[in-house]
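I opened the structure to look up a few strands, a helix pair and some backbone details. My notes are below, in the order in which I worked.

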Amino acid sequence: MNEWTLEQWNSHKNSGQLTIFYIYTPMCGTCQVASKMMQVIKEIKPFLIGQANINYLGDFAMDYQIESVPSLLIAKGGTVYKKIYAFQSVPFILDAIKSIDDQVVV
């Protein structure tokens, strides 16, 4: 996964494509496990996925009401439809992503 700036996130989010933004901090143990899960997802499906260290995102956490890390934002057509905080399993995350992709038509 590539590290995204806020400008890249906004550009991808508003593109009309399903866009996934993984937010983490490097010192978070749970984030390290979630990062491995996101790598598996990236290998399984060619979703547009970026990641960013929340420590470098300024007011992003307040703007998007991020409650904790790791977090996953799933957006399509400029709207964030789902936030995931509990990375239960790879199939759980894939199902959540697929549900948004299938339901939302841009």
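The entries that follow take one topic at a time.

**Entry 1: the model.** I noted at the start that this is a predicted model.

**Entry 2: Phe21.** I looked up Phe21 and found this residue in strand S2, which covers residues 19-24. Is Phe21 buried or exposed? I read a relative accessibility of 0% for Phe21, so I entered this residue as buried, the cut-off being under 20%. I then listed what Phe21 touches, leaving out residues up to four places away in sequence. The list holds Trp4, Trp9, Gly50, Gln51, Ala52, Phe60, Ser71, Leu72 and Leu73. For Leu73 I also took the C-alpha to C-alpha distance to Phe21, which is 5.1 Å across 52 residues of sequence.

**Entry 3: strand S4.** From the contact list of Phe21 I went on to Ser71 and Leu72. I placed Ser71 in strand S4, and Leu72 is in strand S4 as well. Ser71 has a relative accessible area of 0% and is therefore buried. Leu72 also comes out as buried, because its relative accessible area is 0%.

Which residues does Ser71 touch, not counting those up to four places away in sequence? I wrote down Phe21, Tyr22 and Ile23, then Ile66, and then Ile84, Tyr85 and Phe87. For Leu72, with neighbours within four places in sequence left aside, I have Ile20, Phe21, Tyr22, Met38, Lys82, Lys83, Ile84, Phe87 and Ile93. I checked Leu72 against Phe21 by C-alpha atoms: the separation is 5.7 Å, and the two are 51 residues apart along the chain.

**Entry 4: the loop ahead of S4.** I went through the loop between helix H3 (60-63) and strand S4 (71-76), where Pro70 sits. The peptide bond from Val69 to Pro70 is cis, and I noted omega near 0°. Gln65 is in the loop between H3 and S4 too. I recorded a positive phi of about 50° for Gln65, although this residue is not a glycine. Why did I flag both? Most residues other than glycine have a negative phi, and most peptide bonds are trans. Gln65 counts as exposed because its relative accessibility is 58%, and the cut-off for exposed is over 50%.

**Entry 5: H2 against H4.** I turned to helix H2 (residues 29-44) and helix H4 (residues 90-103). At what angle do H2 and H4 pack? I have about 55°, with the axes 10 Å apart. H2 is therefore oblique to H4. I entered the crossing of H2 past H4 as right-handed. On the H2 side the contact is made by Met37, Val40, Ile41 and Ile44, and on the H4 side by Val90, Ile93, Leu94 and Ile97. I sorted the residues of this contact into eight nonpolar, no polar and no charged. Ile93 of H4 is a residue I had already met, in the contact list of Leu72.

**Entry 6: Val104.** I followed the chain into the segment after H4, where Val104 lies. With a relative accessible area of 12%, Val104 is below the 20% cut-off and so is buried. Leaving aside neighbours within four places in sequence, I found Val104 in contact with Lys76 and Tyr81. I also took the distance from Val104 to Gly78, which is 11 Å between C-alpha atoms, at 26 residues apart in sequence.

**Entry 7: cysteines.** How many disulfides does the structure hold? I counted zero. I still looked up the exposure of Cys28 and Cys31. Cys28 counts as buried, because its relative accessibility is 14%. Cys31 has a relative accessible area of 1%, so I entered this residue as buried too.

Terms used:
Residues are numbered from 1 along each chain as its sequence is written. This is a predicted model: local features need pLDDT of at least 70, side-chain atom pairs count only at pLDDT 80 or more; totals for chains, interfaces and linings use all residues. Side-chain values use heavy atoms; hydrogens and water are left out. Helices (H or I, at least four residues) and strands (E, at least two) are DSSP runs, numbered from the N terminus. Buried means under 20% relative accessible area, exposed over 50%, partly exposed in between (1.4 Å probe, protein chains only). Contact means heavy atoms within 4.5 Å. A disulfide is a pair of cysteine sulfur atoms within 2.5 Å. Axes are lines fitted to C-alpha atoms, for helices over the stretch in contact, and angles run from 0 to 180 degrees between N-to-C directions. Angles under 35 degrees count as roughly parallel, over 145 as roughly antiparallel, 65 to 115 as roughly perpendicular and the rest as oblique. A crossing is left-handed if the near helix is turned anticlockwise from the far one by less than a right angle, and right-handed if clockwise. Ala, Val, Leu, Ile, Met, Phe, Trp, Tyr, Cys and Pro count as nonpolar, Asp, Glu, Lys and Arg as charged, and the others, Gly among them, as polar.
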